[in-house]
Amino acid sequence: MALVLSLNPSLEKWYWINDFDIGKSFIVKDFKYTIGGGGINVAKVINGFNEPVAVMGFAGGNSGMYIERELDRMSIVNKFIPIEEDSANTVRIIRENNIYTEIVEEGPSVSSYYVSQLYELYKELILKEDLICVCGDLPRGLPTDILSDLIILATKYNKKFFLSAKGEYLKAGIKTIPYFACLTKEELECYLGFSVETNLEVIQAGKYLSNDGIEVLMLFLGKDDVYVFHDGYIYMIRIPNIEVMNPIGVRDSMVGGYIVSLMREYDFEFTLKMSVACGLSNGLVAEPGKVDMVSMKRIMNDLVIIRSQF
């Protein structure tokens, strides 16, 4: 089973309003509620392949209770630390041509009291799982080195740690050498402290991080190619021309697809294709973390991998 940490989960409210514009009032008939956040999106992908997954993190208020109920409904094992403040809400308004407006609450602030509870729960749960993942934004109040601490504990017990985060948390986590890290172009540039423009610069940056000891480094460059660095080789995955409806969950779904492939012991290049295809397939639908198996398989067949040595 995989253990996914969703430290800042959210209740997501979707409204489809074709003639949406600012400064007007609308009565909405087409809407739905879902749950999200990077970690939950990863868990939804894993669960969609009928592979076992558990989710842990922080949850508070009515939004937190809704998140827990939805995970129960999906038969996803979940153990959240209850906090005082409400979990975040996200509002997405979709109009014609899949143009969407997103309003994201800042989310809760988590005190050291609840952080200590998280550490205790984590120490208990990682003994039972082989694959550990942290994905998505983190709530306010967490210590900068929290991901570093989680990676160190996972490494101590010979667990594979998957890291997908931002800002100072990403920097601290990368320095602790997780098994797997997935970065966007913006996150790579933030970590390095300078811009990366050409393919050669991307490759040099990837080699720099990979040589530090990260076993699998994935650089997701949006509509451009995906670069993966592993075992002395660079894998460039050419992305076909696909019109993405919603890019929000693409990276999360890639991580989820990779974890599923690892659980099933697929070979490395098949794993890369499945990972990228899961992400792109999710981009074709509105809901983050939802993968259509038909489109995923079609995309897999269209992907081209070019392998070269460092």
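Start the tour by selecting Asn158, which you will find in the loop between helix 4 (146–156) and strand 9 (160–164). Keep in mind as you go that this is a predicted model. Asn158 is not a glycine, yet its phi is positive, about 60°. Most residues other than glycine have a negative phi. Now colour by accessibility: Asn158 counts as exposed, at 70% relative accessibility.

**A second asparagine**

Next, select Asn50, in the loop between helix 1 and strand 4 (53–60). Is Asn50 buried or exposed? Asn50 counts as exposed, with a relative accessibility of 70%. Its backbone is worth a look too: phi of Asn50 is positive, near 60°, in a residue other than glycine.

**Strand 2 and its partners**

Move to strand 2, residues 10–16. On one pairing, strand 2 runs antiparallel to strand 3 (residues 31–36), with 6 bridges between them. To see one spot in this pairing, show Tyr15, which stands opposite Phe31 in strand 3. Strand 2 also pairs with strand 6, this time in the parallel sense and over 7 bridges. Select Ser10 here, and look for its bridge partner Ala88 in strand 6. While the side chains are on display, remember that in a regular strand they alternate between the two faces of the sheet.

**Salt bridges**

Side chains of opposite charge can pair when their charged atoms come close. The model holds 16 salt bridges, and three of them make good stops.

Begin with Glu102 and Arg92, whose closest N and O atoms are 2.7 Å apart. Glu102 belongs to strand 7 and Arg92 to strand 6, so this pair ties together parts that are 10 residues apart in sequence. Check the surroundings of each partner: Arg92 counts as buried at 3% relative accessibility, whereas Glu102 counts as partly exposed at 36%.

For the next stop, select Arg251 and Glu187, a salt bridge with 2.6 Å between the closest N and O atoms. Here distant parts of the chain are linked, as Arg251 sits in helix 8 and Glu187 in helix 6, 64 residues apart. Both partners are under the 20% cut-off for buried: Arg251 has a relative accessible area of 11%, and Glu187 has one of 8%.

Then go to Arg238 and Asp225, where the closest N and O atoms of the salt bridge are 3.3 Å apart. Arg238 is in strand 13 (residues 233–238), and Asp225 is in the loop between strand 11 (216–220) and strand 12 (226–230), with their positions 13 residues apart in the chain. Asp225 is buried, with a relative accessible area of 15%, while Arg238 is partly exposed at 39%.

Before leaving the charged pairs, add Glu12 to your selection of Arg92 and Glu102. Which residues do shared salt-bridge partners join into one network? Glu12, Arg92 and Glu102 are joined in this way.

**A loop that meets a remote part of the chain**

Select Pro240, in the loop between strand 13 and helix 8. Pro240 and Leu303 are 63 residues apart along the chain, but their C-alpha atoms are separated by 6.7 Å. Beyond its neighbours within four places in sequence, Pro240 is in contact with Leu280, Asp302 and Leu303.

**The two pockets**

Now turn on a surface and look for the largest pocket, which holds about 960 Å³ of space. To centre your view, pick Lys166, Pro247, Ile248, Val250 and Asp252, which are the closest to its centre of the 43 lining residues. Several elements from earlier stops return here: strand 2, strand 6, strand 7, helix 6 and helix 8 are among those that each supply at least two residues of the lining. Colour the lining by residue class and you should find 17 nonpolar, 13 polar and 13 charged residues.

Finish at the second largest pocket, with about 170 Å³ of space. Select Lys44, Val45, Asn47, Gly48, Phe49, Arg73, Met74, Glu287, Gly289, Lys290 and Val291 to show its lining. Which element gives the largest share of this lining? Helix 1 does, with 4 residues. By class, the lining of the second largest pocket divides into 4 nonpolar, 3 polar and 4 charged residues.

Terms used. Residues are numbered from 1 along each chain as its sequence is written. This is a predicted model: local features need pLDDT of at least 70, side-chain atom pairs count only at pLDDT 80 or more; totals for chains, interfaces and linings use all residues. Side-chain values use heavy atoms; hydrogens and water are left out. On a 1 Å grid over the protein atoms alone, a cavity is a set of points where a 1.4 Å probe fits but cannot get out, and a pocket is an open set with protein on both sides within 12 Å along at least five of seven lines; lining residues have an atom within 4 Å of a point. Grid points are joined across faces, edges and corners, and a volume is the space filled by probe spheres set on the points. Ala, Val, Leu, Ile, Met, Phe, Trp, Tyr, Cys and Pro count as nonpolar, Asp, Glu, Lys and Arg as charged, and the others, Gly among them, as polar. A salt bridge is a side-chain nitrogen of Lys or Arg within 4 Å of a carboxyl oxygen of Asp or Glu. Buried means under 20% relative accessible area, exposed over 50%, partly exposed in between (1.4 Å probe, protein chains only). Two strands pair if DSSP finds at least two bridges between them. Contact means heavy atoms within 4.5 Å.
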